[in-house]
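Hello,

Here is the structure we talked about. My notes follow below it.

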Amino acid sequence: MSASHSLAVGGAITIPLPAEVPADATAVAVTIATSDSVGAGFFTAYPTGSERPLSSSLNTDGRGQVRATGQLVPVSEGGFTIFSQAGDHLIVDMTGWFTGPSAPWSDAGLFVPATPTRLVDTRTATTLYPN
């Protein structure tokens, strides 16, 4: 992702799964953050290609706020989408994923931790990770 501006009001961004995440992963563990909010608003994260849910993932209630939240976001092969109701900067860091049907059976759990990886930062024009 490279951008040098906040998301548009009512806009959305699709975030593809990083190369190390299998296409049949069921969810990713991410931190979703915003900085210098334009006012009250919200972000909603959901699997790409599905209908946007009515719930929010992150909320702001005034100008100039910095907010962050940890989320387990369901994904599709296309990754996940984040909708911005107010049009704010968006920062997304991934810390792991949950395996899908192709993973070998294990009684150790289905979460695969990862070195934190910045997937999106609309405050910079730098490419953050190779697709």
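Start with the largest nonpolar core, which has 22 residues in this predicted model. The residues with the most contacts inside this core are I15, V28, V30, F80, I82, L90 and V92. Six strands each supply at least two of the core residues. They are β1 (11-15), β2 (27-34), β3 (38-47), β6 (80-84), β7 (91-98) and β8 (111-121).

V92 is a good place to look into the core. Setting aside neighbours within four places in sequence, V92 is in contact with I15, V30, T31, F80 and I82 among others. The list also includes T117, R118, L119 and V120.

Next, the overall make-up. The protein chain has eight strands and zero helices. Along the sequence the pattern therefore reads β-β-β-β-β-β-β-β. Of the 131 residues in the protein chain, 44% are buried. Contacts reach across the sequence: among those between residues at least 6 apart, 76% join residues at least 24 apart. The accessible surface of the protein chain is about 6,700 Å². Carbon and sulfur atoms account for 55% of that surface.

Now the sheet. Four strands form an open sheet in the order β5-β2-β7-β8, and the pairing is antiparallel. Why do β5 and β8 each have one side without a neighbour in the sheet? Both stand at the edges with a single partner strand, so one side of each is left free of a neighbour there. The edge strand β5 covers 67-74. On average, neighbouring strands of this sheet are turned by 20° against each other, direction ignored.

The β2 and β5 pair can be followed in detail. These two strands run antiparallel and are joined by eight bridges. I32 stands opposite T69 in β5. As background, strands of a sheet pair through backbone hydrogen bonds, either parallel or antiparallel.

Three residues deserve a separate look.

L7 sits in the segment before β1. Is L7 buried or exposed? Its relative accessible area is 12%, so L7 is buried, given that the cut-off is under 20%. L7 and F83 are 76 residues apart in sequence, yet their C-alpha atoms are 8.6 Å apart in space. Not counting residues up to four places away in sequence, L7 touches I13, F43, I82, S84, G87, D88, L90 and T122. Two of these, I82 and L90, are also listed among the core residues with the most contacts.

H89 is in the loop between β6 and β7. What does the side chain of H89 make a polar contact with? The partner is the side chain of T122, at 2.8 Å. With neighbours within four places in sequence left aside, H89 is in contact with H5, S6, A33, T34, S35, F43, T122 and R123. T122 and F43 are also touched by L7.

V38 lies in strand β3. V38 has 41% relative accessibility, so V38 counts as partly exposed. Along the chain V38 and S6 are 32 residues apart, and their C-alpha atoms are separated by 9.9 Å. Leaving out residues up to four places away in sequence, V38 touches R63, A86, G87 and D88. G87 and D88 are touched by L7 as well.

If you open the file, try the core around V92 and its contacts, such as I15 and V30. Then go to the polar contact between the side chains of H89 and T122.

Best wishes

Technical notes: Residues are numbered from 1 along each chain as its sequence is written. This is a predicted model: local features need pLDDT of at least 70, side-chain atom pairs count only at pLDDT 80 or more; totals for chains, interfaces and linings use all residues. Side-chain values use heavy atoms; hydrogens and water are left out. A nonpolar core is a set of buried Ala, Val, Leu, Ile, Met, Phe, Trp, Tyr and Cys residues joined through side-chain atoms within 4.5 Å. Buried means under 20% relative accessible area, exposed over 50%, partly exposed in between (1.4 Å probe, protein chains only). Contact means heavy atoms within 4.5 Å. Two strands pair if DSSP finds at least two bridges between them. Axes are lines fitted to C-alpha atoms, for helices over the stretch in contact, and angles run from 0 to 180 degrees between N-to-C directions. Accessible areas come from the Shrake-Rupley method with a 1.4 Å probe; for residues, only the protein chains shown count as cover. A polar contact is a pair of N or O atoms within 3.5 Å; within protein, one must be able to donate a hydrogen and the other to accept it, and residues adjacent in sequence count only if both atoms are side-chain atoms.
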